[in-house]
Every structure is written in structure tokens, then in C-alpha cells.
Amino acid sequence: MIRLHLHLDASCVPLFFSLFEKGVVLSARTGCTLRDFLCGQLGLSNDYLDQRVQTLFLDARPVDDVDKAVILDGSVLALSAAMPGILGATMRKGGRYAAFRKDISQSSDECGICKASGRVTLKLFNMVVREVGGRLLEAGVEVDGSDLQRIVDRYPGELSRGIRKARMGDRVITADMAFFSTLPAKRVLLSISHNGSG
């Protein structure tokens with residue numbers, strides 16, 4: 001796996017948020033509750049999780065209780081702020097329509113402490129990706145090189161002007177269009193900082 005760090009103009013960071021719609025992979029302690037994972041490991045505040053994150057899907061099943069649903073190695077977790085319409089109302093955690101989907105909801109398996117290391121795919125949508133995505137990119141996420149290539153192909157001008165510095169492993173590199181064209185067949189551990197961060 002390639003370790004790639006990009007230092008960008010702050011205005012370029014949102015160009016990478018589309019990575020979260022497909023899903024990024026994070027190393028994690030698994031066998032713990034979603035609250036332990038999201039607040040204890042990813043650094044979301046309890047208030048943010050309780051108030052802003054209104055819809056959660058764990059392994060394609062809606063979640064009502066973040067204190068009982070358990071994250072496992074290989075899990076896929078999707079987070080969203082409130083979604084509009086009847087679908088949003090039906091899928092909202094703990095909402096008045098939750099009983100209508102009890103047969104498809106995530107089971108509430110109690111667990112003790114986090115037990116094992118694993119990998120979790122995280123997807124973020126709407127306000128959540130805008131509010132949390134930058135911090136997760138700064139910490140580092142695993143992505144497909146082909147997804148990075150698509151972003152570069154879509155925003156070549158912005159990125160050629162906005163990439164201030166790039167490092168692959170411990171080596172400073174020139175992150176031009178030719179470099180990104182070498183990534184599609186590779187997995188990339190991507191981290192991003194920006195002017196004004198840290």
C-alpha cells in the first residue's frame with residue numbers, strides 16, 4: 001500500500017469528499033458499540049452523534065441504538081444527517097416510524113470492551129461529510145487509487161494550483177497528473193492537511 005500525504009489549499013479539501021460516498025477504509029478496534037467506535041475512536045462528540053447524525057446503516061441495516069449495535073471487522077457503516085421526506089422519517093434512528101422497519105433493523109447485540117483490531121468501511125453523506133470529512137482525511141483513510149485518479153481527472157486545474165506539497169512515504173514528490181495516473185491499480189493510505197490546519 002502507498003502512503004500519500006497531500007498538503008493543499010483549504011479550498012481544495014472538499015474536492016476529496018466524494019471518496020466518502022463510495023466508502024473509505026479505516027483501521028479500528030472492533031467488537032465494540034457504534035458509540036465507542038464513533039466517539040471513542042473517530043472523535044465525534046456524543047452531542048454530535050446524538051443530535052446531528054440521524055440516520056445510520058450498519059451492514060446495510062438501519063440502526064436505532066448506537067449503544068447496543070456492534071461494529072465488527074469488515075463492517076460497512078454509513079452516516080447521514082436528517083434526510084427529507086418519508087424515507088428520511090422512516091430511517092431516522094429511534095424515530096416514530098422505527099417500528100415499521102423492525103424486521104430489517106440492525107440487531108442490538110450487547111458487547112463488552114473492544115476486542116480486536118479490524119478494518120471498517122465508512123461512508124458519509126450530506127452535512128456529515130462536510131462537517132467530519134476533513135478531520136478524517138487529516139487522520140488518514142485508505143482508498144482505491146482509481147478513485148483518486150477520478151478526482152484529479154475531474155478537477156485538474158484546481159488541484160494543479162492547490163497542491164502545495166506531496167509526500168509518498170518519507171519522500172517528497174511532485175504530485176502532477178502523471179503521478180496520479182500511476183495509482184489506479186493500487187491501494188492508497190491518503191492523508192490531507194491544508195493551509196491553516198494544525
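**Exercise 1. Classify C12 and C32 by burial, and state how many disulfides the structure holds.**

Step 1. C12 has a relative accessibility of 4%, so this residue counts as buried. Buried means under 20% relative accessible area, exposed means over 50%, and partly exposed lies in between, with a 1.4 Å probe and protein chains only.

Step 2. For C32 the relative accessible area is 0%, and therefore C32 is buried.

Step 3. A disulfide is a pair of cysteine sulfur atoms within 2.5 Å. The search of the whole structure returns zero disulfides.

*Basis of the values.* The model is predicted, so local features need pLDDT of at least 70 and side-chain atom pairs count only at pLDDT 80 or more, while totals for chains, interfaces and linings use all residues. Residues are numbered from 1 along each chain as its sequence is written, and side-chain values use heavy atoms, with hydrogens and water left out.

**Exercise 2. Locate P14, determine its exposure class, and give its C-alpha separation from R130.**

Step 1. P14 lies in the loop that runs between strand 1 (2-8) and helix 1 (18-22). Helices (H or I, at least four residues) and strands (E, at least two) are DSSP runs, numbered from the N terminus.

Step 2. With a relative accessible area of 44%, P14 is partly exposed.

Step 3. Along the chain, P14 and R130 are 116 residues apart; their C-alpha atoms are separated by 7.4 Å.

**Exercise 3. Describe the backbone and the exposure of D59 and A60 in their loop.**

Step 1. D59 is placed in the loop between strand 4 (55-58) and strand 5 (61-62). A60 is likewise found in the loop between strand 4 and strand 5.

Step 2. D59 is not a glycine, yet its phi is positive, at about 50°. A60, also not a glycine, has a positive phi of about 70°.

Step 3. The relative accessibility of D59 is 37%, so D59 counts as partly exposed. A60 reaches a relative accessible area of 69% and is therefore exposed.

**Exercise 4. Characterise the chain as a whole by its elements, burial, contacts and surface.**

Step 1. Eight helices and 12 strands make up the count of elements in the chain.

Step 2. The chain has 198 residues, of which 48% count as buried.

Step 3. Contact means heavy atoms within 4.5 Å. Among the contacts in the chain with a separation of 6 or more, 81% involve residues 24 or more positions apart.

Step 4. The accessible surface of the chain is about 10000 Å², and 52% of this surface belongs to carbon and sulfur atoms. Accessible areas come from the Shrake-Rupley method with a 1.4 Å probe; for residues, only the protein chains shown count as cover.
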